[in-house]
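Colleague: I should like to go through this model with you, one question at a time. Please reason each answer through to the name or value requested.

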Amino acid sequence: MKYLCLVYSDEHLLHSLPESPKDAECMAYAESIQGSGRMVAAEALESVQTATTVRMRNGKLSITDGPFAETKEQLAGFYLIDAKDLNEAIQVAGDIPAARVGCVEVRPVRQLNP
Amino acid sequence: MTLPVKERVEQVYREESRRILATLIRLLGDFDLAEEALHEAFFIAVERWQRDGVPDNPRAWLVSTGRFKAIDVLRRRARFAASRPLLIAQLEALEQADWSDEDVEDDRLRLIFTCCHPALAADAQVPLTLREVCDLTTEEIARAFLSAPATIAQRIVRAKAKIRDAKVPYQVPTLAELPERLDSVLRVIYLVFNEGYSASIGALVTREELTREAIRLGRLLMELLPEPEVMGLLALMLLHESRRPARTSSSGELILLDEQDRTLWDRQMIAEGCALVERALGTRRFGPYCLQAAIAAVHAEAPSVEQTDWAQIVGLYDVLLRAVPSPVIELNRAAALSKRDGPLAGLALVEAILDRGELQDYHLAHSARAEFCRQLGRVEQARQAYERALELTRQEPERRFIEGRLRALR
């Protein structure tokens with residue numbers, strides 16, 4: 001079963017707290033998940049200041065600057081993993097280095113029914 | 001003597017239905033399908049046992065029948081969903097060995113851990129456990145918690161949907177996860193007990209059906225997983241429950257520990273509770289529940305308030321506070337300390353807690369403050385504190401108790 005682990009944190013604090021993870025640690029963790037065969041994809045994201053929100057309404061494209069909602073914590077990155085069940089997904093999510101300063105939302109991937 | 005078949009089926013239902021349900025959930029991987037299969041199996045049993053006699057192993061017969069019924073249901077649904085044939089094939093391949101006694105006991109433990117999984121909403125864990133593990137109806141749960149059956153039903157439905165869609169596993173946690181997950185189970189059981197022992201709202205002091213279910217759950221867990229904290233929680237519940245007959249007057253008024261008629265305490269429960277406390281403390285792996293049970297045991301063994309070993313109780317609270325710092329435990333320690341060192345010492349501690357801004361909306365903090373002031377002859381301060389407690393309490397007998405104290409001050 002696939003789970004998407006969404007890493008949220010206050011962007012201003014993510015890299016500035018004493019327990020903030022360094023890029024090298026994040027990469028090492030991603031490699032260890034890759035090694036365990038549970039990795040589908042994982043990336044860190046640029047700041048929400050770089051976000052663009054796109055909507056299609058009545059056949060017309062609307063483009064706005066910024067994220068779709070202003071929140072106290074922002075989406076900072078994600079892991080898409082393959083796990084046996086929620087317990088295994090929770091274990092992977094809990095060990096994501098950024099979980100020490102932010103939080104990780106674990107969402108099961110829904111199978112589309114064609 | 002053999003019972004008529006219908007009564008025998010009812011007896012098997014009472015004694016075995018939760019075990020059978022727990023196994024069917026494991027085999028079928030779906031709570032609703034398992035419940036449906038369980039009821040179909042019992043329905044068929046009434047007729048079939050009448051005709052062919054009661055099988056040697058009714059539980060295995062019911063699990064097997066339930067499984068076949070579920071296969072039928074899945075076949076019917078398979079016409080609509082592509083993924084079913086695989087599940088049906090898996091179910092058909094299952095061996096009888098999958099429901100041996102050992103597995104069945106594990107299934108009951110799996111069911112408890114799943115219903116108390118921390119990924120489920122906190123307000124759904126209690127109703128789900130009472131529904132699935134204790135077989136209380138939604139109406140009974142709603143009545144016990146003074147909420148609408150539709151609210152309780154909705155929480156249960158949502159929790160089951162999450163178990164299915166997020167794939168909350170049906171398993172006993174690994175040793176590494178156990179302490180945290182066991183905490184969650186113990187918390188659910190203790191919540192059920194507390195709601196029954198000291199109903200937070202409503203007209204009655206206690207609701208016996210909830211304390212009974214909590215103790216039953218505690219015994220079940222003790223049988224399946226005799227960890228020190230499980231012993232501690234069961235002991236704590238038994239020691240509290242032993243005082244039930246002495247806690248309310250014939251007119252339903254609340255009677256505090258100091259004024260209880262100790263000859264009414266249930267000695268058998270006390271003996272069982274104390275033995276469990278000793279066993280738990282002997283493991284040297286005890287935690288907060290064991291410590292609270294040890295405190296309750298000191299009270300239970302004391303012939304009177306005056307002859308209570310208050311120094312030991314204060315000492316146990318010190319250890320408890322180090323393990324789980326909490327203002328409520330500090331408040332309880334203050335009450336014990338006042339017995340050892342006098343009301344002035346108790347008052348100083350309660351005021352320190354309130355001055356920190358903690359427990360200001362907790363009626364018992366103001367009641368304790370009032371009680372110490374009353375003992376010290378500070379009538380005006382006592383009155384003010386009782387009035388604050390009165391504003392905060394939502395429980396009818398508590399309210400009458402405080403009103404009685406206020407009248408006595410005049």
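**Strand pairing, core and contact**

Modeller: To begin with one pairing in this predicted model, the bridge partner of A:Val7 in β6(A) is A:Val104.

Colleague: Which residue stands opposite A:Val7 in β5(A)?

Modeller: Strand β1 of chain A, residues 2-9, pairs with strand β5, residues 74-82, in the antiparallel sense over eight bridges. β1(A) is also joined to strand β6, residues 103-108, by six bridges, again antiparallel. In β5(A), the residue opposite A:Val7 is A:Gly77.

Colleague: Is A:Val7 on the covered or the uncovered face of β1(A)?

Modeller: The uncovered face of β1(A) consists of A:Lys2, A:Leu4, A:Leu6 and A:Tyr8. A:Val7 belongs with A:Tyr3, A:Cys5 and A:Ser9, and their face is the covered one.

Colleague: How many residues of strand β4 of chain A are buried?

Modeller: Strand β4, residues 60-65, is joined to strand β3, residues 52-57, by six bridges in an antiparallel arrangement. One of the bridges sets A:Thr52 against A:Asp65. β4(A) nevertheless lies largely in the open, because the number buried among its six residues is zero.

Colleague: Which residue in the hairpin of β3(A) and β4(A) takes a positive phi?

Modeller: Two residues lie between the strands of this hairpin. The phi in question is near 50°, and the residue that takes it is A:Asn58.

Colleague: What pattern does chain A follow along the sequence?

Modeller: Chain A has three helices and six strands. Its C-alpha trace spans about 45 × 45 × 20 Å along the principal axes, and buried residues make up 19% of its 114 residues. Read along the sequence, the pattern is β-α-α-β-β-β-β-α-β.

Colleague: Which helix gives the most residues to the largest nonpolar core?

Modeller: This core has 121 residues, of which B:Leu24, B:Ala235 and B:Ala293 touch the most other members. Apart from neighbours within four places in sequence, B:Leu24 is in contact with B:Ala34, B:Ala37, B:Leu38, B:Val63 and B:Gly66. The helix that gives the most to the core, with 10 residues, is α14 of chain B, residues 288-301.

Colleague: Why are the buried residues of helix α15 of chain B on the same side?

Modeller: Helix α15, residues 310-323, reaches 20 Å from its first C-alpha to its last, close to the 20 Å expected for its 14 residues. Its buried residues include B:Ile313, B:Leu316, B:Tyr317 and B:Leu320. They are on the same side of α15(B) because they cover an arc of only 105° around the axis.

Colleague: Which residues are exposed on the other side of α15(B)?

Modeller: The cover over the buried residues of α15(B) includes α14 and α16 of chain B. On the other side, the exposed residues are B:Asp318 and B:Arg322.

Colleague: Is B:Glu7 buried or exposed?

Modeller: B:Glu7 lies in helix α1 of chain B, residues 5-28. Its C-alpha is 9.3 Å from that of B:Val46, which is 39 residues away in sequence. With 10 other C-beta atoms within 10 Å, and 12 or fewer being the criterion, B:Glu7 is therefore exposed.

Colleague: How many charged residues are on the side of chain B that touches chain A?

Modeller: The contact takes six residues from chain B and five residues from chain A. The side of chain B that touches chain A divides into four nonpolar and no polar residues, with the charged ones numbering two.

Methods. Residues are numbered from 1 along each chain as its sequence is written. Chains are lettered from A and ligands numbered from 1 in the order in which they are written. This is a predicted model: local features need pLDDT of at least 70, side-chain atom pairs count only at pLDDT 80 or more; totals for chains, interfaces and linings use all residues. Two residues are in contact if their C-beta atoms, placed from the backbone, lie within 7 Å. Ala, Val, Leu, Ile, Met, Phe, Trp, Tyr, Cys and Pro count as nonpolar, Asp, Glu, Lys and Arg as charged, and the others, Gly among them, as polar. Helices (H or I, at least four residues) and strands (E, at least two) are DSSP runs, numbered from the N terminus. A residue is buried if 20 or more other C-beta atoms lie within 10 Å of its own, exposed if 12 or fewer, and partly exposed in between; C-beta atoms are placed from the backbone. Two strands pair if DSSP finds at least two bridges between them. A nonpolar core is a set of buried Ala, Val, Leu, Ile, Met, Phe, Trp, Tyr and Cys residues joined through C-beta atoms within 7 Å. The expected span of a helix is 1.5 Å times one less than its number of residues. The arc is that of the directions from the helix axis to the C-beta atoms.
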